[in-house]
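Here is a guided walk through one protein model. Keep the coordinates open and follow along.

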Amino acid sequence: MAGLLARADSAIVSIFISLWVTRYYLNKDICNPEASSDNTNSSLNVCGELLANEDKVQCPAAFTQVSRLAGLSQTAALIFAPFFGYISDKLNPVVAVALSAFIGVVSYSLINIVEDAGDSLAYVVVTLWGISQISTIVASQGLVSKSMPEGIRGSVAGCFSIFGAIGIMFTTYVGGILFDEWSDYAPFNLGAIISAVIFTSAIAVLRKEYQGNDNSGSIGEENIYI
């Protein structure tokens, strides 16, 4: 499940930032005059139509803003990666997954208060998306590496990759449909929902773990390594 969330985060950030910003610029008619007059209706089905064309030519202003936001998101991920790696080493791996999922819930939910894709709040939100993305990747890999039994490491790693692929396919397919049919914010809300499911699952695992330790009268070092 952690692998699913890690790859789902990557898909959401890499694909839907571009779609969200481009549709916003087209709907607000703030592209260059030539592009906006010729492509007023292209926002009706962005996933199906806009990607088939060159949005850099259709709406240069949107392309520029997408580059800024996506670049900021990935820069934030690059900078935060060693910090969360250090934090993950100090935490129970399940706690690290729960923390990264919580960051995802908060960051993706914030999209609902962003009214302007060019506003300063948009920069804050995409920065948090980058942090959420890298923290989930680091936490999920840490969970697998720390809890992987020696005799079935290959099987666990393969299962982790399979769930990651499922996460990518699910978020791109379902997120694309929701984007076209429901709301520009739908893929990001989908990310918040997936993060919430992972967070709830991690808390359930931790609760079961600690209850088991309480019943046995002992708590192992790995379980209090928080």
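The text below goes from the overall fold to single helices, then to the charged and nonpolar spots.

This is a predicted model. Its secondary structure is 9 helices and 0 strands. Read along the sequence, that gives α-α-α-α-α-α-α-α-α. The protein has 226 residues, of which 45% count as buried. Take the contacts with a separation of 6 or more: 78% of them join residues 24 or more positions apart. The accessible surface comes to about 11,400 Å². Carbon and sulfur atoms hold 63% of that surface.

Start with helix 5. It covers residues 60-90, which is 31 residues. From first C-alpha to last it reaches 45 Å, close to the 45 Å expected at 1.5 Å a residue. Where does helix 5 bend? The bend is at Phe80 and comes to about 40°. A proline, Pro82, follows within four residues.

Now look at what helix 5 buries. Ahead of the bend position in numbering, the buried set includes Ala62, Gln65, Val66, Leu69, Ser73, Ala76 and Ala77. Phe84, Gly85 and Ser88 complete the list. The general rule for reading such a list is simple. An α-helix has 3.6 residues a turn, so residues three or four places apart point the same way.

Move on to helix 8, residues 153-181. Helix 8 has 29 residues. Its span is 42 Å between the first and last C-alpha, close to the 42 Å expected at 1.5 Å a residue. The buried residues of helix 8 include four glycines: Gly164, Gly167, Gly175 and Gly176. Phe160, Thr171, Phe179 and Asp180 are buried as well.

Helix 8 also carries Ile162. Is Ile162 buried or exposed? Ile162 is exposed, because its relative accessible area is 53% and the cut-off for exposed is over 50%. Ile162 belongs to a nonpolar surface patch of about 460 Å². Its partners in the patch are Phe163, Ile166, Met169 and Phe170.

Next come the charged pairs. How many salt bridges does the count give? The count comes to 2 salt bridges. In one, Arg23 pairs with Asp180, and the closest N and O atoms are 3.5 Å apart. This pair links distant parts of the chain: Arg23 sits in helix 1 (residues 2-27), Asp180 in helix 8, 157 residues apart. Both residues, Arg23 and Asp180, are buried.

In the other, the side chains of Arg23 and Asp184 meet at 2.6 Å, N to O. Distant parts of the chain are linked here too, with Arg23 in helix 1 and Asp184 in the loop between helix 8 and helix 9 (186-216). The two are 161 residues apart. Asp184 is buried, and so is Arg23. Arg23, Asp180 and Asp184 are thus linked in a network of salt bridges.

Finish at Val105, in helix 6 (residues 93-109). Val105 is partly exposed, because its relative accessible area is 23%, and buried would need a value under 20%. Which residues does Val105 touch, leaving out those up to four places away in sequence? They are Ala192, Ser195 and Ala196. The C-alpha atoms of Val105 and Gly191 are separated by 7.5 Å. Along the chain, Val105 and Gly191 are 86 residues apart.

Terms used:
Residues are numbered from 1 along each chain as its sequence is written. This is a predicted model: local features need pLDDT of at least 70, side-chain atom pairs count only at pLDDT 80 or more; totals for chains, interfaces and linings use all residues. Side-chain values use heavy atoms; hydrogens and water are left out. The expected span of a helix is 1.5 Å times one less than its number of residues. The bend at a residue is the angle between axes fitted to the seven residues ending there and the seven starting there. Buried means under 20% relative accessible area, exposed over 50%, partly exposed in between (1.4 Å probe, protein chains only). Contact means heavy atoms within 4.5 Å. Accessible areas come from the Shrake-Rupley method with a 1.4 Å probe; for residues, only the protein chains shown count as cover. Patches are made of residues with over 30% relative accessible area and no salt bridge: like charges are joined within 9 Å, nonpolar side chains (Val, Leu, Ile, Met, Phe, Trp, Tyr) within 5 Å. A salt bridge is a side-chain nitrogen of Lys or Arg within 4 Å of a carboxyl oxygen of Asp or Glu.
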